[in-house]
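Here is a friendly walk through one model, going from single residues to strands and helices. Have the viewer open as you read.

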Amino acid sequence: MRLFPSEEALEKELQELLAHGHHLGLVSLEAPLISNLSVLENISLLRQYHQRLSRRQAEDLTREYLRIFQMEDLAGKRNPVLDENQRFCVMVLRAVMVDNPVLVLDRPFKIMPDLADARFIYDVVGKVEGRYRECLIFDYLWNEGRYAGGFSHEA
Amino acid sequence: MNTFAENIGKTAIHSVRSLQDNLSFAYRIFSRIFTPQAYNSAVRMVLINQIYFTAVQILPLFFTVAVCLGIVFIGVIGKYLMSIGLFSFFGHLLMGFVVTEIAPFVTVLLIALRSGSAINAEIAVMKVNKELQTLAIFGIDMINYLFLPRIICGIVSVVLLSCLFSIIVLASGLIYSGFFFEMTVSDYITVLMESGNFFDLLVMLVKCAVLGFFIVMIPIRYGMRATDELTSIPVAVLNGMVNVFIAIVIIEVLSLIVMSLLTRLV
């Protein structure tokens, strides 16, 4: 986990990571879901594009991932109708579609402002464990208390 | 006086740079069309969806417009030619004017109004919503994934729908000619076959492809110019559509010049 004292510091670090990092699975409001694609298409897109999977292969894999969160019924829905927690889960699933990804959760509480603590975030990340190489959480220093009891902290 | 001259110079430089940008963007996209690596199942999916939205959904409106315009054009042209005693040129006018000029023009106008504006708004909204940034972050090439299928769809749609427009107009002309000019089906077909020129049809198809390319490329280009503000969307659409109409006129004029030059050479 990386906690920052200001927005500028956080964004600078994130930009550097994005510029030099490879296989980044970014979960951030700066990388929203594509609004004219369904949940299924949003998640499948990366495998179809980068690994040149057929539509059916990529969608079968996506449905399998959606089942982990019991979200199969959201497959045909689009971004605007999702609630914040569902949107976060879909973004995480999209991020783990990157080949051997470093999962980067950029200010998860900005994506889900109503969340009191990070239990939901840990739960979601735990469900996709083994499908990513490393998980980094970027957030502000003042949110440190909300992450209590989870990942090890690094100032 | 100096300020006036400076303004003219600035406008000229701006216009030339804008044209240069558009042409270099067009070249980048055109070269991708022939790159097999640009195509994958995601791109094909977008292409199929776009062809459905652009060329299939428009069919009822397109059919109605083609029938109405066909009857009007053929009625007016036929009656006028009869009144001045030049009805023998009926076929030439149908093939040389309605098929090679009116069909591409009406088709391109309908597609530009319907799909060009939609694509312009779609790209501008994606830019404002940071969805283009999403594609960049996940390493998805915008040209391959977003632009290429839309432009190929524009080319295919304008070419096919222009042909369809010509067929509908000529078919409605057959009915009209039968009723009002007492022409038999075989007379009508003979007139068309004698007036048809393969070279004209070839130029028409090339013109349709060029029009299809630009009426999609220009809205994409202007959609990309939207800023992060919502208010930039209508501005981007407005500028894009104005430039689409300018491009249509320029391509029409250029095609006429090329056609007359080639006719002289041949």
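A:D106 is buried, with a relative accessible area of 3%; buried means under 20% relative accessible area, exposed over 50%, and partly exposed in between, with a 1.4 Å probe and protein chains only. Before going on, please note that this is a predicted model, in which local features need pLDDT of at least 70, side-chain atom pairs count only at pLDDT 80 or more, and totals for chains, interfaces and linings use all residues. Residues are numbered from 1 along each chain as its sequence is written, chains are lettered from A and ligands numbered from 1 in the order in which they are written, and side-chain values use heavy atoms, with hydrogens and water left out.

**Salt bridges**

What does A:D106 form with A:R107? The two form a salt bridge, with the closest N and O atoms 2.7 Å apart. The term stands for a side-chain nitrogen of Lys or Arg within 4 Å of a carboxyl oxygen of Asp or Glu. A:R107 counts as buried too, at 2% relative accessibility. Both residues belong to a network of salt bridges that also links A:E7 and A:E11. Over all chains, a search of the whole structure finds 12 salt bridges.

Three of the pairs are set side by side here.

| Pair | Closest N to O distance |
|---|---|
| A:D106 and A:R107 | 2.7 Å |
| A:E59 and A:R55 | 3.2 Å |
| B:R32 and B:D141 | 3.1 Å |

The pair A:E59 and A:R55 sits within helix α3 (residues 55–68) of chain A, the two residues being 4 apart, about one turn of the helix. Helices here are DSSP runs of H or I with at least four residues, strands are runs of E with at least two, and both are numbered from the N terminus. A:E59 counts as buried at 12% relative accessibility, while A:R55 is partly exposed at 41%. Helix α3 of chain A also holds A:R56, which counts as exposed at 67% relative accessibility. The C-alpha atoms of A:R56 and A:Q15 are separated by 34 Å, with their positions 41 residues apart along the chain.

In chain B, the salt bridge of B:R32 with B:D141 has its closest N and O atoms 3.1 Å apart. B:R32 lies in helix α1 (residues 2–33) of chain B and B:D141 in the loop between α5 (131–137) and α6 (142–180) of chain B, so the pair ties together parts that are 109 residues apart in sequence. Both partners are partly exposed: B:R32 has a relative accessible area of 23%, and B:D141 one of 27%.

**Strands of chain A**

Strand β4 (residues 134–140) of chain A is mostly covered, with 6 of its 7 residues buried. Which strands pair with β4(A) in the parallel sense? Strand β1 (residues 2–4) of chain A does so over 3 bridges, and strand β3 (residues 102–106) of chain A over 5 bridges. Pairing requires that DSSP finds at least two bridges between the strands. A:F4 stands opposite A:Y140 in β4(A), and A:V104 stands opposite A:L136 in β4(A). In a regular strand, side chains alternate between the two faces of the sheet.

**Helices of chain B**

Chain B has 9 helices and 0 strands, which gives the pattern α-α-α-α-α-α-α-α-α along the sequence. Its C-alpha trace spans about 65 × 55 × 35 Å along the principal axes. Of the 266 residues of chain B, 45% count as buried.

How do α4(B) and α9(B) cross? The axes of helix α4 (residues 90–128) of chain B and helix α9 (residues 232–265) of chain B come within 9 Å and cross at roughly 150°. Axes are lines fitted to C-alpha atoms, for helices over the stretch in contact, and angles run from 0 to 180 degrees between N-to-C directions. That angle makes α4(B) roughly antiparallel to α9(B), a label for angles over 145 degrees. The contact of α4(B) with α9(B) divides into 18 nonpolar, 5 polar and 2 charged residues. Nonpolar covers Ala, Val, Leu, Ile, Met, Phe, Trp, Tyr, Cys and Pro, charged covers Asp, Glu, Lys and Arg, and polar covers the others, Gly among them.

Helix α8 (residues 198–224) of chain B packs with α9(B) at an angle of about 160°, their axes being 9 Å apart. α8(B) and α9(B) are therefore roughly antiparallel to each other. By class, the contact of α8(B) with α9(B) has 16 nonpolar, 6 polar and 3 charged residues.

How values were computed:
Parallel < 35°, antiparallel > 145°, perpendicular 65-115°, else oblique.
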